[in-house]
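Take a moment to look over the structure below and turn it around a few times. Then let's walk through it together.

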Amino acid sequence: MKEMLEQLKQQLSEMLPEIDSPQKLEEAKVRFLGKKGSLTALKRGMGALSPEERPKAGQMINTVSQWMEERLSECEQRIKSRMREEALRSETIDVTEPRDAISMGGEHPLTLVLRDLVDCFTGMGFEVVEGPEIELDHYNFELLNIPKNHPARDAQDTFYVDDNIVLRTHTSPMQARTMLTRKPPIRIICPGRVFRADEVDATHSPVFHQMEGLVIDEDVTMADLRGTLNEFARRLYGSDVTTRFRPSFFPFTEPSAEVDLTCMACHGKGCPICKGTGWIEVLGSGMVNPKVLDMCGIDSKKYKGFAFGIGLERIAMLRYGIRDMRLFYEGDQKYFAQFR
Ligand code: PHE
């Protein structure tokens with residue numbers, strides 16, 4: 001028995017230097033200490049010994065078993081620390097290594113224009129509100145005095161979701177929503193995406209952006225509308241820029257006006273951008289139709305209001321000399337980088 005134990009110790013000692021992986025360690029454990037391992041076999045063999053010899057043999061086996069466990073656990077430590085070192089070495093990042101330059105995009109020209117407009121109007125006391133892009137016909141048309149079969153519906157080629165739901169064709173439904181939920185005085189702007197079933201070309205897109213403005217209070221007049229838009233023109237383009245009002249028609253404003261700004265490119269002298277007129281059309285506006293006020297729960301005897309809708313793409317195209325509207329939506333980083 002003693003000899004056999006010595007032999008096993010010897011065997012393991014010789015193997016130890018070669019145990020250099022978790023698999024080999026496991027194999028050694030099974031071979032010497034496992035259920036079917038050598039030591040277990042020896043323990044079983046103890047039955048054949050005389051009762052006097054047994055305790056001594058048991059002790060010897062235990063001593064060797066303990067010794068083996070210690071050696072194998074040393075092995076395990078060695079393997080673990082080696083693996084840790086290897087991992088540290090192979091996962092090291094050289095923070096001094098040069099790398100490719102990160103190419104930076106720029107802010108979208110529409111974002112830049114929107115930010116300026118919001119700054120300008122919040123500076124005049126307007127509050128920003130936002131509304132749904134998928135809108136009820138009721139708000140997009142009915143409450144704005146555009147009943148079903150009204151010819152004004154044809155002018156806005158509408159994407160219908162179903163009979164009662166549309167993709168909003170303008171930001172004006174937020175006029176109705178605001179009047180229905182707030183009490184005057186009201187002074188809001190509402191920027192957002194709008195949708196019309198237009199063919200894509202250099203000046204048309206089925207998705208574009210507007211910013212609505214709405215003011216309701218006692219004694220609001222057309223002069224307030226004009227003063228507000230003049231101030232907007234000056235803040236955005238400089239003190240020599242002013243507005244020109246031309247009579248127009250919108251069912252939800254009465255009277256209505258298309259508003260031109262002094263051409264920022266030629267300061268009114270006349271150039272190819274303004275087609276020689278010195279003026280650029282940028283928005284629709286008017287005094288809120290009393291019918292709309294009443295439909296939206298605001299007493300038209302007591303309150304008046306004005307509203308306007310600015311096309312953001314148009315402003316951005318003029319400001320940055322962008323000739324083709326499609327460039328806004330193609331997401332070309334190189335193109336946008338110039339607006340950084
Ligand atoms: N909603 C109109 C359009 O999309 C613009 C507008 C807004 C006109 C507010 C008058 C008042 O053309």
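**Around the ligand**

Let's start with the ligand: 14 residues surround it, and the closest are His170, Ser172, Arg196, Gln210 and Glu212. Keep in mind that this is a predicted model.

Three of those names are worth zooming in on. His170 has a polar side-chain atom 3.0 Å from a nitrogen atom of the ligand, and Ser172 places one 2.9 Å from a ligand nitrogen. With Arg196, the partner is an oxygen atom of the ligand, and the distance is 3.0 Å. How much of the ligand does the protein bury? On its own the ligand exposes 330 Å², and the protein buries 91% of that.

So where do the surrounding residues come from? Strand S5 (207-217), S8 and S9 are the elements that each give two or more residues to the shell. S9 supplies the largest share, with 3 residues. Sorted by class, the shell has 8 polar, 4 nonpolar and 2 charged residues.

Now step back to the sheet. It's an open one with 7 strands, in the order S1-S4-S5-S9-S8-S7-S6, and its pairing is mixed. Strands S1 (127-128) and S6 (243-250) sit at the edges with a single partner strand each, so one side of each has no neighbour in the sheet.

Strands S8 (residues 279-288) and S9 (residues 304-311) pair in the antiparallel sense, over 5 bridges. To spot one of the pairs, find Leu283: its bridge partner in S9 is Ile310. Finally, look for helix H9 (residues 222-237), which packs on the sheet and touches S6, strand S7 (253-262), S8 and S9. The direction of H9 makes about 125° with that of S6.

Note on methods. Residues are numbered from 1 along each chain as its sequence is written. This is a predicted model: local features need pLDDT of at least 70, side-chain atom pairs count only at pLDDT 80 or more; totals for chains, interfaces and linings use all residues. Side-chain values use heavy atoms; hydrogens and water are left out. Two strands pair if DSSP finds at least two bridges between them. Helices (H or I, at least four residues) and strands (E, at least two) are DSSP runs, numbered from the N terminus. Contact means heavy atoms within 4.5 Å. Axes are lines fitted to C-alpha atoms, for helices over the stretch in contact, and angles run from 0 to 180 degrees between N-to-C directions. A residue is near a molecule or strand if one of its heavy atoms lies within 4 Å of it. A polar contact is a pair of N or O atoms within 3.5 Å; within protein, one must be able to donate a hydrogen and the other to accept it, and residues adjacent in sequence count only if both atoms are side-chain atoms. Accessible areas come from the Shrake-Rupley method with a 1.4 Å probe; for residues, only the protein chains shown count as cover. Ala, Val, Leu, Ile, Met, Phe, Trp, Tyr, Cys and Pro count as nonpolar, Asp, Glu, Lys and Arg as charged, and the others, Gly among them, as polar.
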